[in-house]
Structures are given as C-alpha cells and as structure tokens.
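Colleague: Got a minute to walk me through this one? I have the sequence and the structure open.

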Amino acid sequence: VLDKYPELIQHLKGISEETTTGVHRLYERVGKGTLPVPAINVNDSVTKSKFDNKYGCKESLVDAIRRATDVMMAGKVAVVGGYGDVGKGSAASLKGAGCRVIVTEIDPICALQAAMDGFEVKKMIDAVKEGDIIVTASGCRDLITEKHFRSMKDKAIVCNIGHFDIEIDVSWLNSNYGQTKDTIKPQVDLYNIDGKDIILLAEGRLVNLGCATGHPSFVMSNSFTNQTLAQIELWNNHSKYENKVYVLPKHLDEKVARLHLAKIGVQLDELTKEQSDYLGIPKNGPFKAEHYRY
C-alpha cells in the first residue's frame, strides 16, 4: 500500500504488524524517513513472539511434514536452520517426534542456547550431508542453495517455516532441475539432482500453511488479541503518536496472557502487599520491566 497505492495513505490511522520481516521493514522506513503513519510492532509483544513463533511452530511443523509425507520421523536426522523463536519451536517439535536434531546458526548467543538445549550445532554445508529432514527457520535468504542441494542425501525432505521461498533457492532448483520435477501430490514435489531424489514441500513457502492448517487457533488468539489491542489504540489515539514504530506496553502484554489462562485451567498466585513492596512493583502488575527478556 505505501509504495503502490500512496493515495490511500491519507486514510490510514496507523499500521500494526505482527511478522518479524514486516517489522524489520517498518524500522527500515523509520531510518529512511519514509514511514508516513505511526506503527505498532505486535511481533515483539511477548505474547506473540514467545507463543505464536515458538509454541505454534512446535505444534505445526511436525504436523505439516507428516501430512505431506507420512514419513516415520523417529530416528531420522533433522536439520533446523536458525534458532530464534521459530527455530526453537521447530527443533523442539522434531525432537519430540524422535528426531536427532542438528541446528545451524550465525548468532553466537542463539548457537550457545541450541548447544545448551542439547542440540548439535554445525555449519549448514556439513549438516545437510546428514539430514533426512531439512527445515529453514531463519527469516533470511539463501540458507539452502546449489551447494547444499548437491550435498544432500537421497530422499531428503526439504521445507521452510521461517520466511518466503527465498530461504530455499527454489528458483535455482526449478531453473536447473525443473525438468525432473514430479508432483507426488499438491505441495509435495520430487526433484532428481544428479541421481538423488529431493522432496520439496510447499514449493519452499511456509510448510505449516502449505501442507497443513497453520498454528492451532488457541496460540494464534494470543497474536490476534495483540493485533486487536494495537488497532484499537491506533484508531482511538493516533494523534498521540509520531511516525515511528512502537510496541504495546507491558500491562497490555500481560493482559493478553491473563485473558488466555482460564481456558487452560491456570490459576495465578497473587502478591501480598509485603511482597509487592519488597519487589517494588504494583500488586497487579506489570510484573516485569520493559527490558526483561522472557
């Protein structure tokens, strides 16, 4: 809308964005001075990124691979490219299905987290040689390129749960080996690279959407509650905001979580006045500082 239909901008009160990539683009616009309206970064609400990204992928990744391939996952070697929240959920999903999981990373902190969570951490070019299932989960491009495809095992399953179809270089695959493509069923394509079969799911797009039905509705309710609160705030109070990117305040993040507790039978303890005074926080929250990392 901002680039192709600028005439619509005058009617916008603001933008609420809940994807990692989308938020990145908004911050880029702020840096360039090209964001024409205020924006709320829903993605970095704790009740979005630590739930939708992590627990959603934990449920939906293995579901998608099973629906697409019916493969026996126990005992397989799975490679997860990236160990952010999506990668963490994906690795846990595959581990829970009985896979031996190898993680690849560029970030030393995420790599250390993966290692201390019990996963091997290797370079992608080495990991793909072992992988029966290869999953990209980075939000970046070119995790799987020609050299990786050529190093894969016969019948390797390749899919993406992180970003667009550029995480896997599907363009190279179709340009060079498109003539070998055999569509086993919708969203499941078999390619042959120099005598080795490679199974690509969802054409390199998000596998949990292409081969299954996405995240369960309960975890998505966290995200959409954040979106709703952001939209209400922008509609009612847009004049209070400059053309920058904002995050929802902590008390609203906690409210989103609180609204979902009863459904899963959670009961909270409450701070006493003495405890509240000791910690120096309000009795009913917010319970964590803005800089707290969950």
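Modeller: Start with helix H9, residues 217-237, which lies across E1 and E2 and runs at about 165 degrees to E1. Keep in mind that this is a predicted model.

Colleague: Which strands does H1 lie across?

Modeller: H1 lies across E1, E2 and E11. Its direction makes about 135 degrees with E1.

Colleague: What's the strand order in that sheet?

Modeller: The order is E1-E2-E11, in an open sheet of three strands with parallel pairing. E1 and strand E11 (245-246) are at the edges with a single partner strand each, so one side of each has no neighbour in the sheet.

Colleague: How many bridges pair E1 with E2?

Modeller: Three bridges, in the parallel sense, with E2 covering residues 39-41. To find the register, look at Ile15: its bridge partner in E2 is Ala39.

Colleague: Now the other sheet. What's the order there?

Modeller: E5-E4-E3-E6-E7-E10-E9-E8. That is an open sheet of eight strands with mixed pairing. Strand E5 (120-121) and strand E8 (182-185) stand at the edges, each with a single partner strand, so one side of each lacks a neighbour in the sheet.

Colleague: Where does helix H3 pack?

Modeller: H3, residues 85-96, packs on that sheet. It touches strand E3 (77-81), strand E4 (100-104) and strand E6 (133-136). The H3 direction makes about 175 degrees with that of E3.

Colleague: Back to the E8 edge. How do E8 and E9 run?

Modeller: Antiparallel, joined by three bridges. Lys185 stands opposite Val188 in E9.

Colleague: And E10, buried or exposed?

Modeller: Five of the six residues of E10 (196-201) are buried, so the strand is largely enclosed by the rest of the structure.

Colleague: Which strands does E10 pair with?

Modeller: On one hand, E7 (residues 156-160) pairs with E10 in the parallel sense over three bridges. Val158 has Leu200 as its bridge partner there. On the other, E9 (residues 188-193) pairs with E10 in the antiparallel sense over six bridges. In that pairing Asn192 is matched with Asp197.

Colleague: What's in the turn between E9 and E10?

Modeller: The hairpin has two residues between the strands, and Asp194 takes a positive phi near 55 degrees.

Colleague: What does the Asp194 side chain meet?

Modeller: Arg150, in a salt bridge at 2.7 Å, N to O. Arg150 sits in helix H6 (residues 146-151) and Asp194 in the loop between E9 and E10, so the pair ties together parts 44 residues apart in sequence.

Colleague: Is Asp194 buried or exposed?

Modeller: Asp194 is exposed, with a relative accessible area of 56%. Arg150 counts as partly exposed at 33% relative accessibility.

Colleague: How many salt bridges does the structure hold?

Modeller: It holds 21 salt bridges. One of them joins Arg29 and Asp3, with the closest N and O atoms 2.8 Å apart. That pair links distant parts of the chain: Arg29 is in helix H1 (residues 20-32), Asp3 is in the segment before E1, and they are 26 residues apart.

Colleague: What about accessibility for Arg29 and Asp3?

Modeller: Arg29 has a relative accessible area of 18%, and the cut-off for buried is under 20%, so Arg29 is buried. Asp3 counts as exposed at 59% relative accessibility.

Colleague: What does Asp154 pair with?

Modeller: Lys155, with the closest N and O atoms 3.2 Å apart. Asp154 is partly exposed at 40% relative accessibility. Lys155 is partly exposed too, at 43%.

Colleague: Which residues form a salt-bridge network?

Modeller: Arg100, Glu120, Lys122 and Glu130 are joined into one network by salt bridges that share partners.

Colleague: Last topic, the surface. Which residues make the nonpolar patch of about 350 Å²?

Modeller: Val1, Tyr5, Leu8 and Leu12 make that patch.

Colleague: Where does Leu12 lie?

Modeller: In the segment before strand E1 (15-17). Leu12 counts as partly exposed, at 31% relative accessibility.

Colleague: Great, that covers my list.

Key: Residues are numbered from 1 along each chain as its sequence is written. This is a predicted model: local features need pLDDT of at least 70, side-chain atom pairs count only at pLDDT 80 or more; totals for chains, interfaces and linings use all residues. Side-chain values use heavy atoms; hydrogens and water are left out. Buried means under 20% relative accessible area, exposed over 50%, partly exposed in between (1.4 Å probe, protein chains only). Helices (H or I, at least four residues) and strands (E, at least two) are DSSP runs, numbered from the N terminus. Two strands pair if DSSP finds at least two bridges between them. Patches are made of residues with over 30% relative accessible area and no salt bridge: like charges are joined within 9 Å, nonpolar side chains (Val, Leu, Ile, Met, Phe, Trp, Tyr) within 5 Å. Accessible areas come from the Shrake-Rupley method with a 1.4 Å probe; for residues, only the protein chains shown count as cover. A salt bridge is a side-chain nitrogen of Lys or Arg within 4 Å of a carboxyl oxygen of Asp or Glu. Contact means heavy atoms within 4.5 Å. Axes are lines fitted to C-alpha atoms, for helices over the stretch in contact, and angles run from 0 to 180 degrees between N-to-C directions.
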